[in-house]
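Here is a short tour of one pair of packed helices and of a few single residues. Have the viewer open as you read.

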Amino acid sequence: MKKIEAIIKPFKLDEVREALSEVGITGLTVTEVKGFGRQKGHTELYRGAEYVVDFLPKIKVEIVITDDIVDQTVEAIIKAAQTGKIGDGKIFVSSVEQVVRIRTGETNEAAI
């Protein structure tokens, strides 16, 4: 099993969710996060005063899936989240050793 964490632009969330649904993903976790990479934030003007916004708003999407659909899932996220501009985000894929569904006690693939 694999865990996919995707950091995307907030306005791309609906497109990513729909793309994941088409691949067969039935559950995901979404968190509002802040951060920066190469973008390094930006400066804004507010009531005549200039200030630096270091951390930009992003969305973190987390999914745990079986190994056989990892490539499809990553491709779906890339196609849905890509704008071609800086700050599109990143996708991290890591191994998951065990999953347990609390309600039923099911484990691993049966718990996904």
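In this predicted model, helices α1 and α2 run roughly antiparallel to each other, because the angle between them is about 150 degrees and angles over 145 degrees count as roughly antiparallel. Helix α1 spans residues 13-23 and helix α2 residues 70-81, and their axes lie 8 Å apart. The crossing of α1 past α2 is right-handed.

Which residues of α1 meet α2? On the α1 side they are Glu15, Val16, Ala19, Leu20 and Val23. Their partners in α2 are Gln72, Thr73, Ala76, Ile77, Ala80 and Ala81. Sorted by kind, the residues of this contact comprise eight nonpolar, two polar and one charged.

**The buried side of α1**

Val16, Ala19 and Leu20 are the buried residues of α1. They span an arc of only 100 degrees around the axis, so they sit on the same side of the helix. A general point about helices fits here: an α-helix has 3.6 residues a turn, so residues three or four places apart point the same way. What do the buried residues of α1 pack against? Their partners are the strands β1 (2-8) and β5 (56-65), together with helix α2.

Val16, Ala19 and Leu20 also appear in the list of α1 residues that meet α2. Just after the helix comes Gly24, with a positive phi near 105 degrees.

**Two glutamates of α1**

Is Glu22 buried or exposed? Glu22, which lies in helix α1, has a relative accessibility of 73% and counts as exposed, because the cut-off for that class is over 50%. From the C-alpha atom of Glu22 to that of Gly105 the separation is 28 Å, with their positions 83 residues apart along the chain.

Glu15 belongs to helix α1 as well. Its relative accessibility is 38%, which makes Glu15 partly exposed. Glu15 and Ala81 are 66 residues apart along the chain, yet their C-alpha atoms are separated by 7.2 Å. Both residues take part in the contact of α1 with α2.

**Residues outside the helices**

Leu28 is found in the loop between α1 and β2 (29-35). With a relative accessibility of 33%, Leu28 counts as partly exposed. Which residues does Leu28 touch, its neighbours within four places in sequence left aside? They are Arg17, Leu20, Val61, Glu62 and Ile63. Leu20 is one of the buried residues of α1. Between Leu28 and Ala111 the C-alpha distance is 13 Å, for a gap of 83 residues in sequence.

Asp54 sits in the loop between β4 (49-53) and β5, and is partly exposed with a relative accessible area of 42%. Asp54 and Gly37 are 17 residues apart along the chain, and 10.0 Å separates their C-alpha atoms.

Asn108 is located in the segment after β6 (90-95). Its phi is positive, near 50 degrees, in a residue other than glycine. With a relative accessible area of 26%, Asn108 is partly exposed.

For use beside the viewer, here are the C-alpha separations together.

| Pair | Apart along the chain | C-alpha separation |
|---|---|---|
| Glu15 and Ala81 | 66 residues | 7.2 Å |
| Asp54 and Gly37 | 17 residues | 10.0 Å |
| Leu28 and Ala111 | 83 residues | 13 Å |
| Glu22 and Gly105 | 83 residues | 28 Å |

Key: Residues are numbered from 1 along each chain as its sequence is written. This is a predicted model: local features need pLDDT of at least 70, side-chain atom pairs count only at pLDDT 80 or more; totals for chains, interfaces and linings use all residues. Side-chain values use heavy atoms; hydrogens and water are left out. Axes are lines fitted to C-alpha atoms, for helices over the stretch in contact, and angles run from 0 to 180 degrees between N-to-C directions. Helices (H or I, at least four residues) and strands (E, at least two) are DSSP runs, numbered from the N terminus. A crossing is left-handed if the near helix is turned anticlockwise from the far one by less than a right angle, and right-handed if clockwise. Contact means heavy atoms within 4.5 Å. Ala, Val, Leu, Ile, Met, Phe, Trp, Tyr, Cys and Pro count as nonpolar, Asp, Glu, Lys and Arg as charged, and the others, Gly among them, as polar. Buried means under 20% relative accessible area, exposed over 50%, partly exposed in between (1.4 Å probe, protein chains only). The arc is that of the directions from the helix axis to the C-beta atoms.
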